[in-house]
Amino acid sequence: MAEHPIEGLMGVTIDKIREMVDTSTIIGDPIHVDAATTIIPVSRVTFGFASGGSDVAPKAEKQMFGGGTGAGVSVTPVAFLVISGGNVRTVQLIEKVTAVDNAIAALPELIEKITASLKRDKPGEGEPEA
């Protein structure tokens with residue numbers, strides 16, 4: 001069965017969205033400030049997609065079709081992860097704070113606490129074992 005024209009319209013639109021939005025759009029490429037400091041940008045990406053069409057009965061062996069498709073993408077920088085001296089810190093750029101924003105901001109501190117706890121639980125080198 002031949003491809004319907006709306007399939008082509010939708011396929012092209014989805015391919016263009018894939019080109020615009022990928023993981024490097026959300027978590028950006030690391031920026032190396034100096035030997036000890038790296039900054040990683042974090043963005044919020046939202047997009048919408050719409051398509052429509054009409055199929056009119058063939059008239060004298062000519063099939064008629066009318067259709068349209070479209071998409072919109074918004075990329076908003078929301079934070080930076082700053083890695084310096086073995087520590088990770090979140091610098092938020094937005095004032096409106098949601099539960100997701102709070103969770104992202106708390107991640108580096110949580111990871112540091114877990115790491116410190118694991119190091120405390122292990123016997124240190126050079127200490128006699130019981």
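This passage describes the fold, the internal space and the surface of one protein chain, taken from a predicted model.

The overall layout is a good place to start. The protein chain holds 3 helices and 4 strands, and these are arranged along the sequence in the pattern α-α-β-β-β-β-α. Of the 130 residues in the chain, 14% are buried.

Empty space comes next. Rolling a probe the size of a water molecule over the atoms shows where such space is left. Counting cavities of 30 Å³ or more gives 1 cavity, and the space in the largest cavity is about 30 Å³. Its lining consists of Val 42, Val 78, Ala 79, Gln 92, Asp 101 and Ile 104. Two elements, strand S3 (62-84) and helix H3 (99-121), each give two or more residues to this lining. Sorted by class, the residues around the largest cavity are 4 nonpolar, 1 polar and 1 charged.

The model also has pockets to consider, and the largest pocket has a volume of about 230 Å³. Around the largest pocket lie Ile 27, Val 42, Leu 81, Gly 86, Asn 87, Val 88, Ile 104, Leu 107, Pro 108, Ile 111 and Glu 112. At least two lining residues come from strand S4 (87-92), and at least two from H3. Helix H3 makes the largest contribution, with 5 residues of the pocket lining. By class, the pocket lining divides into 8 nonpolar residues, 2 polar residues and 1 charged residue. A reader tracing both spaces in the structure will meet Val 42 and Ile 104 in each: these residues appear in the lining of the largest cavity and again in the lining of the largest pocket.

One residue of the pocket lining deserves a separate look. Val 88 lines the largest pocket and is found in strand S4. Val 88 counts as partly exposed because its relative accessibility is 33%, and the partly exposed class runs between 20% and 50%. Along the sequence, Val 88 is 49 residues away from Ile 39, while in space the two are 9.6 Å apart, C-alpha to C-alpha.

On the surface, a nonpolar patch is formed by Leu 107, Leu 110, Ile 111, Ile 114 and Leu 118. Together, the residues of this patch have about 470 Å² of accessible area. Leu 118, one of the patch residues, is found in helix H3. Leu 107 and Ile 111 belong to the patch and are also among the residues that line the largest pocket.

Helix H1 offers a further example of a residue with intermediate accessibility. Ile 14 is found in helix H1, which covers residues 5-20. With a relative accessible area of 33%, Ile 14 is partly exposed. Ile 14 and Thr 69 are separated by 55 residues in sequence, and their C-alpha atoms are 9.9 Å apart in space.

Notes: Residues numbered from 1 in each chain as written. Predicted model: local features only at pLDDT ≥ 70, side-chain atom pairs only at ≥ 80, totals over all residues. Heavy atoms only, no water. 1 Å grid on protein atoms, 1.4 Å probe; cavity = no way out; pocket = protein on both sides within 12 Å on 5 of 7 lines; lining within 4 Å. Points joined across faces, edges and corners; volume = space filled by probe spheres on them. Nonpolar A, V, L, I, M, F, W, Y, C, P; charged D, E, K, R; others polar. Patch = residues over 30% accessible without salt bridge, like charges linked within 9 Å, V, L, I, M, F, W, Y side chains within 5 Å. Areas by Shrake-Rupley, 256 points an atom, 1.4 Å probe, with all protein chains shown as cover. Salt bridge = Lys/Arg side-chain N within 4 Å of Asp/Glu carboxyl O. Buried < 20%, exposed > 50% of the residue type's maximum accessible area, 1.4 Å probe, protein only.
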